Amino acid sequence: MKAGVVLFLSACAFGQTFNARITGTVTDASGSAVPGAQITVQHVETSIARKAHTGASGVYDVPLLLSGTYEVKVESAGMETVLRRDIKLEVNNTVTADFVLKVAAVATVVDVTAEVPLLQTEASGVGTTLETQLVQDFPLIERDVMGLVRAIPGIITNPTVGQARGSRNVFDSEFSVAGGRSSMNEVLLDGAANTIGDFNGVVIVPPQDSVQEFRVETSSYSAEFGRSGGGTVNIVTKAGTTRYHGTAYYYHQNDAFNANSFTNNRNRIAKPFLRRHQFGYSLGGPLWIPKLYRGKSKTFFFSTYEGRRESNPVDQLTSVPTAAQVSGDFSQTVTLVNGAYQ
């Protein structure tokens with residue numbers, strides 16, 4: 001029982017960092033508040049609906065929503081029912097949608113197609129969000145989604161960022177946000193801390209095909225984002241919907257298709273050897289167990305896998321002690337000082 005309570009509270013805490021919300025006011029034609037109006041917010045991709053009611057001042061608030069496309073329906077006795085479609089929510093996004101209801105002699109539904117204003121008046125944070133299609137199409141040479149920070153204004157990265165998968169993910173943290181120190185950033189994965197004490201190194205980098213949105217909070221973000229002296233990267237992974245969807249892929253890199261670097265050419269060094277194979281899949285949709293359970297609009301799943309096999313040796317020029325030095329004789333050891341050996 002105690003473990004269940006801890007997990008429940010943890011889930012609530014994580015929801016504050018990547019979930020979105022819809023808020024607004026409901027008034028009549030004269031501008032007076034409409035209390036007690038029923039608000040139904042439905043997630044288009046899963047058909048899951050959340051309900052709320054306006055307070056005495058006509059204000060409603062529906063928090064803890066996943067990113068995606070929503071429809072909002074407003075109903076009140078004796079008033080027209082208003083339906084607004086295509087409300088797009090991004091990660092950690094607040095959308096204000098106000099409604100005006102008119103008196104109806106008969107049951108009437110008004111379908112509103114006007115776009116919701118993009119100006120965010122409910123939050124002071126400054127950041128940039130990369131949506132699903134851009135994340136999926138972005139050219140990442142090693143399919144390392146941390147390389148997306150290079151597309152965010154105000155960020156300076158070290159060469160390791162986005163190219164760390166062949167060694168350690170921790171080096172993906174070596175970037176500076178808005179003039180801050182490098183490796184002082186927080187990285188969240190579905191709302192959970194995804195860094196370790198090794199200079200805020202990144203623990204897990206999900207496959208590119210599994211990421212729904214990628215957002216970087218660069219400045220003025222709210223108190224819920226702590227534990228960092230720089231920016232906050234918010235990675236949200238995909239979830240299942242009412243339809244089955246997925247991908248299968250294979251990527252191959254070979255030095256035969258690569259050009260040599262300028263430095264190597266100048267020093268007459270051959271191209272480095274490279275053979276890299278990356279393959280995987282993603283699959284999501286409603287849970288369906290033949291003759292036992294059909295979870296459409298109720299239960300969903302999403303699964304992903306990525307494998308990587310490569311041969312990428314590193315060439316390095318160094319020196320070793322001479323036989324005299326090994327025996328303790330350093331009389332012939334010289335040092336280059338101001339262009340002369342001493």
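The protein exposes about 19,700 Å², of which carbon and sulfur atoms supply 57% (Shrake-Rupley method, 1.4 Å probe). The model is predicted: local features need pLDDT of at least 70, side-chain atom pairs count only at pLDDT 80 or more, and totals for chains, interfaces and linings use all residues. Residues are numbered from 1 along each chain as its sequence is written, and side-chain values use heavy atoms, with hydrogens and water left out.

**Overall**
- The protein has 4 helices and 23 strands (DSSP runs, H or I of at least four residues and E of at least two, numbered from the N terminus).
- Of its 342 residues, 38% are buried (under 20% relative accessible area, 1.4 Å probe, protein chains only).
- Among contacts (heavy atoms within 4.5 Å) between residues at least 6 apart in sequence, 63% join residues at least 24 apart.

**Nonpolar cores**
- The largest nonpolar core (buried Ala, Val, Leu, Ile, Met, Phe, Trp, Tyr and Cys joined through side-chain atoms within 4.5 Å) has 23 residues.
- I22, V26, V41, Y60, V72, V74 and F99 touch the most other members of this core.
- At least two core residues come from each of β1 (20-28), β2 (38-43), β4 (59-65), β5 (68-75), β6 (81-89) and β8 (99-101).
- Beyond four places in sequence, the contacts of V26 include Y60, V74, F99 and L101.
- Another core, of 21 residues, lies apart from the largest one and includes L148, I152, I155 and F175.

**Open sheet**
- Five strands form an open sheet in the order β10-β15-β16-β13-β14, with mixed pairing (at least two DSSP bridges between paired strands).
- β10 (126-130) and β14 (192-193) are at the edges with a single partner strand each, so one side of each has no neighbour in the sheet.
- β13 (residues 186-189) and β14 run antiparallel and are joined by 2 bridges; L189 has A192 in β14 as its bridge partner.

Note on methods:
Buried means under 20% relative accessible area, exposed over 50%, partly exposed in between (1.4 Å probe, protein chains only).
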